[in-house]
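Biologist: I've just opened this one and could use a friendly tour. Could you walk me through what's here?

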Amino acid sequence: MTQDESIMTKIQKVEDTLNESMYKLDMLTKKLKTKLLTMETREELETQLEEIKEVLKKNEEKLKKLRKQNTKSFMIAASIIFVCFLLYGLYLMFYGTI
């Protein structure tokens, strides 16, 4: 990911990857439930399942970090807005005109 992307864009990409991985996980789980699989196929599907679980875990952690970063950005913006209104209110109190 490049530095030019916003946090929301990064969050959306990670969520899309998570949804795609969840779909693959569901499909593999359904395939593994069938009894018509050979041992080789079953083992191959199980290794794929483990790989997808690892990808899911990494993406969930990445999503938590991005959401935490997004919350920090929001708090900074809200603080700046509060300070601006506070300074404007103080200005009006002392000078009484706009």
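Modeller: Happy to, and keep in mind that this is a predicted model. Let's begin with one side chain: glutamate 20 has a relative accessibility of 47%. Exposed would need over 50% and buried under 20%, so glutamate 20 counts as partly exposed.

Biologist: Which residue forms a salt bridge with glutamate 20, and where do the two lie?

Modeller: Both residues of this pair sit in helix α1, four residues apart, which is about one turn of the helix. The closest N and O atoms are 3.5 Å apart, and the cut-off is 4 Å. The partner is itself partly exposed, at 41% relative accessibility. The residue you're after is lysine 24, in helix α1.

Biologist: How many salt bridges does the count come to?

Modeller: Besides the pair we just met, glutamate 5 and lysine 13 join side chains at 2.5 Å, N to O. Another salt bridge, at 2.4 Å, brings together glutamate 15 and arginine 67. The count comes to three.

Biologist: How many residues apart are glutamate 15 and arginine 67?

Modeller: Their salt bridge links distant parts of the chain. Glutamate 15 belongs to helix α1 (residues 7–33), while arginine 67 belongs to helix α2 (residues 39–95). That puts them 52 residues apart.

Biologist: Is arginine 67 buried, exposed or partly exposed?

Modeller: Buried would take a relative accessible area under 20%, and exposed one over 50%. Arginine 67 has 43%, so the label is partly exposed.

Biologist: What does the secondary structure of the protein come to, and what is its radius of gyration?

Modeller: There are two helices and zero strands. For 98 residues the globule rule gives 13 Å, and the protein is well over that, so it is more spread out than a compact globule. Its C-alpha trace spans about 85 × 25 × 15 Å along the principal axes. The radius of gyration is 24 Å.

Biologist: What percentage of the 98 residues counts as buried?

Modeller: The protein exposes about 8,400 Å², with carbon and sulfur atoms supplying 62% of it. To count as buried, a residue needs under 20% relative accessible area. The share of residues that do is 16%.

Biologist: Which UniProt annotation covers residues 38–72?

Modeller: In the model, that stretch is 97% helix and 0% strand, and its end C-alpha atoms are 51 Å apart. The label comes from an unreviewed UniProt entry, and such annotations may be inferred rather than shown by experiment. The entry calls residues 38–72 a "coiled-coil region".

Terms used: Residues numbered from 1 in each chain as written. Predicted model: local features only at pLDDT ≥ 70, side-chain atom pairs only at ≥ 80, totals over all residues. Heavy atoms only, no water. Buried < 20%, exposed > 50% of the residue type's maximum accessible area, 1.4 Å probe, protein only. Rg over C-alpha atoms; globule rule 2.2 N^0.38 Å. Areas by Shrake-Rupley, 256 points an atom, 1.4 Å probe, with all protein chains shown as cover.
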